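Me: Please take a close look at one strand and its partners in this model. Then carry on from there to the other spots worth checking at the residue level.

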Amino acid sequence: MKKLLISCLVFLGGFISVHGQVYTGTAYYPEHTDKEQVEKDARLMKEAHLNIARMGDFAWHSMEPKDGAFTLEWLDHAIRTLSQHGIQSLLCTPTAAIPKWMHDAHPDIMIMGADGQRKPYGRRRHACLNNKDYRQYCTRITRTLAERYKDNKSVIGFQIDNELATEEPYCYCPECLKKFQLWLKKKYQTVEALNKAWGTVFWSETLDNFEQVWLPRRMDNPGIYLDYQRFYSDVALEFFRMQRDVVKAVAPGMTVTTNIGGSGFVTTMNLYELADECDVLSFDNYPVNVTLEHLYGNDIGHPFDPAMTSFAMQIIRGGKSRSIWVPEAQIGRTALTQKEIVKEGYPRLWNHQQLAYGCRLSTFFPFRSFDSGHEHLMAGVMESDNVKRSKFYEAQQIAKELQEIYARTGEMLPIAKAAVIRDFQMDWTFENGYTFCPDLKYLREVYKYYHALRSQSIMADVISSQADLSGYSLIVVPYLAIASPDFCQRLEEAARQGATILLTCVSGVRDIHLHKTDALVTSRLQQLAGIEVKGQEALFGRKSNTLIYGDQTGQCHFWFDQIEVKTASPTASFSGNYFKGYPAITCNKYGKGIVYYVATVPEQSIADKLMKEVVSNSSIKVPARCNHPLVEIAELRDTNGKQYIYIVNFSDEDQIIEFKIPVLNIMTGKKYPASASVKAMDYLLVQVNQ
C-alpha cells in the first residue's frame, strides 16, 4: 500500500507545485559567498526577471561539515532572501560529491575500477551507488533537507543528485558483485537458465552456481556484459528511487526530478524507465560543446545543429505528453574544449527552442562564474567581477520573453506524427565491441534518420520499442538488433492500418539474450519488408562501398545485407566493389501501408534523399517549411487544443517560412496566409488559425 501511495504521489507531484508558471532562472551557489553578496545577487536576479534559483547540488560539506552535524542556516538565508525578491528555489540533494571526512571514514565508499583499484578522492560521481554506508549518508541528508523545507512555499521541488550515472559509473567492488549475483538469481532462477542465456558453453565459461558469476568488462562475453549494463541501469534507478521515496514520505506534494547529464545523451541508464519514476524529467543542455559524439570519444565538440538539441529533448520526453526541465542551461563558454564560440543570442534562442519542446523550467549555469575550483573557466550570467555585461542582459531578455509568451499560451507541448525508435538495449548491445560491427555507433546512426526528418521540418518523437505505435503515421526503426515478437506484431499492425515504416539492416538479428533468431533477420521483419536476407557482411574502419539511388551515388559503410526481393521492389542498388547489383533499398506494400528496408548504413545525403521519398509516401502533412539547417520549426498544442508553430532562426540571415495553412502572430495578431520572414537570430511564434 505504501508503494502504491508513493507511486500516486510521484504521478501527481509535478502538478502540485509548478502548475501555471514558466520558470527562468539560474544555478546559484550561496555557499561560495557571504550573506551580503547573496542579498546583492537576489537584487540582480530580480532585475533580470529571473524567478527560480537551483541550489545545493555540490554543497554537502557546507550542509554537513562533520558527520551528523548539519549547518543549513546559510541555505535558509539564501531561500528567504531570494523569496523576498520573488525568486523561488529548486533544491538539490548534494550526493554527487562526497565530503572528505566521509571518504576518510569509509575509504571503501569509492568506485572500484575493473582493474581492482579504488578511485582516488578528488572528483565528483566517485562513490559506489551500492555502498551501504554511502546510501545511509545519502538517505540521511535527503531526509534532513526534506524535513526542513517540506512546508516552505518558496521551495518548488527537489533535484535528486546531479547527472546520475555519468562519468564512468560502473563499479567492480565486492558489494556490486554480490548485488549483481542476486539480481541474476532473481532474473534467471536457476544457473542452468543463466548458462543458456549467456551461451557460456563458448570458451568454457559454464558456471556451476551463481556465486561463480563475475563482473564483466567490455569485450567479455556480450550476453554477460549486456546483463551487467541492464543491472547497472537498475542500480541507478534504485538509487534515484531511494532518495525520491525519502522526499515523498516527508513531503508528498513536493515535485521531484533529476537532471540527465551529457546534454541528454546518457546511455548508462534507461531514461524511459527513469521518466516513469519522476514527476518531471530534466536534462542539462549544453548545445555547443556536449553532443552525442562524446559517447564515442569525440570530445572536441561538434558544430551547433538545432536538430541535435531537439533530438536530446525528444529522447528525454520519450514520446510522453509532458513537460521537461533544464536545470543547467548553457549561457556561454564552458570548461571543455569547444568547436565554436557561443555567439551572443544563442542562449536566448536555445531557451526559445526549449520552450518549443515543452520546457517549463530553465536555469542558466552558473549565475556567477566561479572564483576557483574545477569549473572556474565556466562563464556565468555574471562574471566574477560582478559587472553586468551582455550575458546578464541576454538572460534578462530571455526571462521577459518566455514569461510573456507563457502568459498568452500556457503550457504547450510538441505534437508528432512520426516516430524514431531508439532503444537503450541497443546502446548496450552495440557497446560490447564484439557485437555486430564495432564501428557502427548506434545513437549516431539513429540521429542520422532523425536529422533527415528535421531537415524537412517534420516533428518526430523518439520512443522505445515498448511504446505505443498506434498514433504514428511514420515509424523509423534504425538498427534495432533485438526486435521482440511483440514489437514485430505491433509494427505489422501499424503497417496494416496504413503507417509507413522504414527498417534498416541489423534490425531483428538477435533475441533478448543475443541469441540468433529463426533467420538471419527474424522472419517476421523479412515478411513485413517483402524480402529474404541471403547473407550478411561487414566492413571496418574507413572501408566503404557505394550505392546508386536514382540519380545519386553515395557511400555506405559497416554492414551489408544481401537481399532477394520477394514482394518488394528495389529502389537502390549497390554499385561498388562489393555486392554489385544487389538491392540496397527496397519498398514493399503491406496492408494499407508501405515498408522500406535499408540493407546498409548510408551516408547522410542518401538518408536525406530516402526520407524525402518515405515522407512523400506517408500521410504526414507539414504545416510550415524552411530549408535552412539552422532554422528550427516545431509544432505544438496547448491544453485547450490550440495549435502553434514555433520558428527559431539560428542563422545570421532573415529566413522565409512557407506556411501550408493560415496562421497569426500570437504577439501582434498579424496574419500570414502563405509565408512570413523571421529575422536573423530571432524567433516567431504563430497560432494556427482554425
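**Strand S16 and its surroundings**

Reply: Start with one facing pair: Leu547 stands opposite Gly554 in strand S17. Keep in mind that this is a predicted model. Leu547 falls within strand S16, residues 545–549. Its partner S17 covers residues 552–565. The two strands pair in the antiparallel sense, over 5 bridges. Together they form a hairpin with 2 residues between the strands. In that hairpin, Gly550 takes a positive phi near 65°.

S16 also pairs with strand S18, residues 569–574. Here too the sense is antiparallel, but the count is 2 bridges. In this pairing, Ile548 stands opposite Ser573 in S18. Now the surroundings. Of the 5 residues of S16, 4 are buried, so the strand is largely enclosed by the rest of the structure.

Next, a sheet elsewhere in the chain. An open sheet of 6 strands runs in the order S10-S23-S24-S29-S26-S27, with antiparallel pairing. Its edge strands are S10 (412–414) and S27 (671–672), and each pairs on one side only. At the S27 end, the partner is S26, residues 663–665. S26 and S27 run antiparallel and are joined by 2 bridges. Across that pair, Leu664 stands opposite Lys671.

Now a buried site that links a helix and a strand. Ile79 sits in helix H4, residues 73–84. Is Ile79 buried or exposed? Its relative accessible area is 2%, so it counts as buried. Leaving out residues up to four places away in sequence, Ile79 touches Met55, Ser89, Leu91, Tyr149, Asn152, Ser154 and Val155. Tyr149 is 70 residues away along the chain, yet the C-alpha atoms of Ile79 and Tyr149 are separated by 9.8 Å.

Look at Ser89 from its own side. Ser89 lies in strand S3. At 0% relative accessibility, Ser89 counts as buried. With the same sequence neighbours left out, Ser89 touches two residues of H4, Ile79 and Leu82. Other contacts of Ser89 include Ile52, Ala53 and Met55. Ser154, Val155, Ile156 and Gly157 are also among them.

H4 itself deserves a look. The helix has 12 residues and reaches 16 Å from its first C-alpha to its last, close to the 16 Å expected at 1.5 Å a residue. Its buried residues are Leu75, Asp76, His77, Ala78, Ile79, Thr81 and Leu82. What covers them includes helices H2 (35–47), H3 (60–63) and H6 (132–149). The cover also includes strands S2 (52–55), S3 (88–92) and S4 (155–159). After H4 comes Gly86, with a positive phi near 80°.

Two helix pairs follow. Helix H7 (residues 174–188) packs on H8 at about 95°, with the axes 9 Å apart. H7 and H8 are therefore roughly perpendicular to each other. Phe180, Leu184 and Tyr188 in H7 meet Ala193, Leu194, Ala197 and Trp198 in H8. The residues of this contact divide into 7 nonpolar, no polar and no charged.

Helix H11 (306–317) and helix H15 (442–454) pack at about 110°, with their axes 10 Å apart. That makes H11 roughly perpendicular to H15. From H11, the contact uses Ala307, Met308, Ser310, Phe311, Gln314 and Ile315. From H15, it uses Leu443, Val446, Tyr447, Tyr450, His451 and Arg454. The residues of the H11 contact with H15 divide into 8 nonpolar, 3 polar and 1 charged.

Finally, check the backbone in three loops. Ser204 has phi near 60°, a positive value in a residue other than glycine. Ser204 is found in the loop between helix H8 (191–198) and helix H9 (222–250). At 69% relative accessibility, Ser204 counts as exposed. Tyr479 has a positive phi too, near 55°, and is likewise a residue other than glycine. Its place is the loop between strand S13 (474–477) and helix H16 (485–496). Tyr479 counts as buried, at 0% relative accessibility. In the third loop, the peptide bond from Phe365 to Pro366 is cis, with omega near -20°. Pro366 lies between strand S9 (359–365) and helix H13 (390–409).

Methods: Residues are numbered from 1 along each chain as its sequence is written. This is a predicted model: local features need pLDDT of at least 70, side-chain atom pairs count only at pLDDT 80 or more; totals for chains, interfaces and linings use all residues. Side-chain values use heavy atoms; hydrogens and water are left out. Axes are lines fitted to C-alpha atoms, for helices over the stretch in contact, and angles run from 0 to 180 degrees between N-to-C directions. Angles under 35 degrees count as roughly parallel, over 145 as roughly antiparallel, 65 to 115 as roughly perpendicular and the rest as oblique. Contact means heavy atoms within 4.5 Å. Ala, Val, Leu, Ile, Met, Phe, Trp, Tyr, Cys and Pro count as nonpolar, Asp, Glu, Lys and Arg as charged, and the others, Gly among them, as polar. Two strands pair if DSSP finds at least two bridges between them. Buried means under 20% relative accessible area, exposed over 50%, partly exposed in between (1.4 Å probe, protein chains only). The expected span of a helix is 1.5 Å times one less than its number of residues.
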